[in-house]
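Morning, everyone. Let me put the structure up, and then we'll walk through it.

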Amino acid sequence: MEIDNDLSSQLEALGYKPFCVCTTTRLKHKNGEFIIDLDKVDFQDFNYYIGEIEVMVNTKEEVGSAIDNILVYAKQLGLMIAPVRGKVIEYLKRKRPNHYQKLISAGVVFDHE
């Protein structure tokens with residue numbers, strides 16, 4: 001197969017088809033060491049909102065402290081701290097429940113509800 005620069009065309013030629021279409025709009029903020037990403041995902045027939053707080057670290061040893069700092073910061077902001085589903089997993093749960101259940105059965109996805 002000849003390789004060109006159009007990945008979508010290459011995938012289609014190999015028989016792959018999209019299972020969903022979504023557009024993500026991200027707002028990015030920085031407050032001191034904290035990087036806050038707020039995403040709105042438009043799946044055409046529903047929207048999904050998800051946010052995350054990150055702290056950059058230089059070593060593995062800093063990860064635990066960074067997580068503790070993020071949790072304290074989130075509580076200061078009054079945020080609910082709970083597991084959430086990523087964008088694609090949320091889509092599968094809502095629109096392709098059989099696929100979602102198979103991922104749970106295979107141990108790939110953990111349902112937090």
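I'll go through a hairpin, a pocket, and then two residues.

One thing up front: this is a predicted model.

Start with the hairpin. Strand β1 covers residues 23-31. It pairs with β2, and the sense is antiparallel. Nine bridges hold that pairing on the count used here. For one cross-strand position, look at Arg26. Facing it in β2 is Asp39. Now the turn. Two residues sit between the strands of this hairpin. Gly32 has a positive phi there, near 60 degrees.

Next, the largest pocket. Its volume is about 520 Å³. The lining counts 19 residues, and those closest to the centre are Gly51, Glu52, Ile53, Leu79 and Met80. Which elements supply at least two residues each of that lining? Three to name: β2, residues 34-42; β3, residues 47-55; and α2. Of the contributors, β3 gives the most, with seven residues. What about the character of the lining? It divides into 16 nonpolar residues, one polar and two charged.

On to Arg85. Where is it found? In the loop between α2, residues 63-76, and α3, residues 87-95. Buried or exposed? Arg85 has a relative accessibility of 15%, and the cut-off for buried is under 20%, so Arg85 counts as buried. Its side chain makes a polar contact with the side chain of Glu90, at 2.6 Å. Now leave out the neighbours within four places in sequence. Arg85 is then in contact with Tyr48, Ile50, Glu90, Lys93, Tyr100, Asp111 and Glu113. So Glu90 appears on that contact list as well as in the polar contact.

Last, Ser9. This residue is in helix α1, residues 7-13. How does Ser9 rate on accessibility? Its relative accessible area is 36%. That falls between the 20% and 50% cut-offs, so Ser9 is partly exposed. The Ser9 side chain has a polar contact too: the partner is the side chain of Asp6, at 2.5 Å. And one distance to place Ser9 in the fold. Take Val88, 79 residues away in sequence. From C-alpha to C-alpha, Ser9 and Val88 are 22 Å apart.

To recap the two residues. Arg85 is buried and sits in a loop. Ser9 is partly exposed and sits in a helix. That's my tour; questions, please.

Terms used
Residues numbered from 1 in each chain as written. Predicted model: local features only at pLDDT ≥ 70, side-chain atom pairs only at ≥ 80, totals over all residues. Heavy atoms only, no water. Helix = DSSP H or I, 4+ residues; strand = E, 2+ residues; numbered from the N terminus. Buried < 20%, exposed > 50% of the residue type's maximum accessible area, 1.4 Å probe, protein only. Polar contact = N/O pair within 3.5 Å; in protein donor to acceptor, adjacent residues only side chain to side chain. Contact = heavy atoms within 4.5 Å. 1 Å grid on protein atoms, 1.4 Å probe; cavity = no way out; pocket = protein on both sides within 12 Å on 5 of 7 lines; lining within 4 Å. Points joined across faces, edges and corners; volume = space filled by probe spheres on them. Nonpolar A, V, L, I, M, F, W, Y, C, P; charged D, E, K, R; others polar. Pairing = 2+ DSSP bridges.
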